[in-house]
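I am opening a notebook on this model and will write down what I look up, entry by entry. I begin with the cysteines and go on to charged pairs, a helix and a surface patch.

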Amino acid sequence: MGLISKFMALIPLLLLLVSNAIVDATSGVFDITTFGAKPNADATQALADAWKEACASATPSKVLVPKGTYQLGESRLKGPCKSPIELLVEGTLQASPTDTEGDGLLVMEYVDHLTLAGTGVFDGQGKAGWEKNDCHLKKECKKLPMNLKFNFITNSIVKDITSLDSKNFHINVLAGKNLTFDHLKITAPHNSPNTDGIHLGDSEDVFILNTAIATGDDCISVGYTNRKITISDVTCGPGHGISIGSLGKYKTEKEVVGVTVKKCKLIGTTNGVRIKSWPDSAVSYPASDMHFEDIEMDNVANPIIIDQEYCPWNQCNRKVPSAIKISKVSFKNIRGTSSTPVAVKLVCSKSNPCEDVEIADVDLTYSGKEGPIVSECANVKPTISGKQNPPICAEPAPPETTPSTD
């Protein structure tokens, strides 16, 4: 009788546990800790298991990473899922500092109606990887893992999260459509190589909004085969600025059409707003309808730049002009301070001169000792209006002899 009494006493507790499990299932919340994850331990399998069940749910679901630090190996969370799904990260997902293999810390693929949100952190622990990174020195190199990769993600939003110290790009988007990034924080030291904040490729209708990026490379790089990209209210610095390109490096590239960069602030970056293409391009295509407006520069080198002689570390033949055709470009209401005397540099292709370039209301100052503030232009005849400080295209651009390093 004593054993039976003890068993009977356990029944309420068992009923409570079953009840809680039913509540979690019916509420659509899949907490990784209920799948075995524990703080300061590897949560890779628990995250995969929670995602698998949530993705199979016929009703909207949520995978929860609660507060705490969890170790994570490369994780691939794949769709398609049966209904809208959210990954809510409130804790820290941390890569191994010695893991320099694979695509990324978290790779999300083929998901429609995804929400990635929360106050959590994706920590790439990149220092060990940066020491092995030579992609800024040579054209062909070993690619290190990124923090976040989004492949074929549609009708989705990523908001409020932090990406810290990625070994490579922080966020890479491939073939995204109707995808929004809002209120992110992306951080890596100024000397961390190839740590682009957000890189876009083969994507359409992408919005990057209200985001702070400090990295060792481009804050945002809009690569080839992109259409209808909007970047607004982004603070960038340190880093290499906000770039379209580089373009023309690979034979598989296609046109870039419709990029708007507006209401952004750049602080201490090595470039401001930039379009860059390789000489001796591997392919020929148009890059058009690109607009930069309401931009504030704070001690920025090369605040406004079109560079069709982009050739980092002399990895190309400069004598062959770029085959990328740049047109329908505007720079409007760009103001602030330049850290270099050449504040506006428009160097277009000798064989494919830039067309329909408009510059309006540029007011930049330079207080250094290298001479007066100037602009330099080659193979372009812009339409100019409003304030011109410096005078636009008053001087031809000299032949470039120093190789670009960023």
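**Entry 1: a link in the cysteines.** I looked first at the link of Cys219 and Cys236, which is right-handed, with 80 degrees about the S-S bond. This pair joins distant parts of the chain, since I find Cys219 in the loop between β17 (204-214) and β18 (220-222) and Cys236 in strand β19 (residues 227-236), 17 residues apart. I note here that the model is a predicted one, and that every value I write down is computed from it. The sulfur atoms of Cys219 and Cys236 are 2.1 Å apart, and I record the pair as a disulfide. I then looked up the accessibility of both ends: Cys219 has a relative accessible area of 0% and is therefore buried, and Cys236, also listed at 0%, counts as buried.

**Entry 2: further disulfides.** How many disulfides does the count come to? I get 5 by the distance rule, and I followed up two more of them.

Cys348 is joined to Cys354, with an S to S distance of 2.0 Å. The link of Cys348 and Cys354 is left-handed, at -100 degrees about the S-S bond. Cys348 counts as buried at 2% relative accessibility, and Cys354 is buried with 7%.

Cys377 and Cys393 form a disulfide too, their sulfur atoms 2.0 Å apart, and their link is left-handed, with -80 degrees about the S-S bond. This pair again links distant parts of the chain, with Cys377 in strand β28 (residues 374-378) and Cys393 in the loop between β29 (383-389) and β30 (395-396), 16 residues apart. Are the two ends buried or partly exposed? I find Cys377 buried, with a relative accessible area of 8%, whereas Cys393 is partly exposed, with 24%.

**Entry 3: a cysteine without a bond.** Why does Cys264 not bond with Cys236? The closest cysteine sulfur to that of Cys264 is the one in Cys236, and because it lies 8.5 Å away, it is too far for a bond. Cys264 counts as buried, at 3% relative accessibility.

**Entry 4: salt bridges.** I count 14 salt bridges in the structure, and I looked at three of them in detail.

In the pair of Lys228 and Glu204, the side chains meet at 3.6 Å, N to O. Lys228 lies in strand β19 and Glu204 in strand β17, so this salt bridge ties together parts that are 24 residues apart in sequence. Both ends have some accessible area: Lys228 counts as partly exposed at 44%, and Glu204 is partly exposed with 22%.

Strand β19 comes up again in the salt bridge of Lys263 with Asp233, whose closest N and O atoms are 3.9 Å apart. Here Lys263 sits in strand β21 (residues 256-267) and Asp233 in strand β19, and the two are 30 residues apart. I list Lys263 as partly exposed, with a relative accessible area of 46%, and Asp233 as partly exposed at 32%.

The third pair is Arg76 with Glu74, with 3.5 Å between the closest N and O atoms. Arg76 counts as partly exposed at 35%, and Glu74 is partly exposed with 34%. Which residues are linked with these two in a network of salt bridges? The network holds Glu74, Arg76, Lys78, Asp103 and Glu109.

**Entry 5: helix α2.** I checked the length of helix α2 (residues 44-55) against expectation: at 1.5 Å a residue its 12 residues should span 16 Å, and the end C-alpha atoms are 16 Å apart, which agrees. I then asked which residues of α2 are buried, and found Thr44, Ala46, Leu47, Ala50, Trp51, Ala54 and Cys55. Because these cover an arc of only 165 degrees around the axis, they fall on the same side of α2. Gln45 and Lys52, on the other side of α2, are exposed.

**Entry 6: a surface patch.** My last look was at the surface, where Tyr110, Phe152 and Leu174 make a nonpolar patch of about 260 Å². One of these, Phe152, is found in the loop between β10 (146-151) and β11 (154-159), and at 36% relative accessibility Phe152 counts as partly exposed.

Definitions and conventions
Residues numbered from 1 in each chain as written. Predicted model: local features only at pLDDT ≥ 70, side-chain atom pairs only at ≥ 80, totals over all residues. Heavy atoms only, no water. Helix = DSSP H or I, 4+ residues; strand = E, 2+ residues; numbered from the N terminus. Expected span 1.5 Å × (residues − 1). Buried < 20%, exposed > 50% of the residue type's maximum accessible area, 1.4 Å probe, protein only. Arc of directions from axis to C-beta. Patch = residues over 30% accessible without salt bridge, like charges linked within 9 Å, V, L, I, M, F, W, Y side chains within 5 Å. Areas by Shrake-Rupley, 256 points an atom, 1.4 Å probe, with all protein chains shown as cover. Salt bridge = Lys/Arg side-chain N within 4 Å of Asp/Glu carboxyl O. Disulfide = S-S within 2.5 Å.
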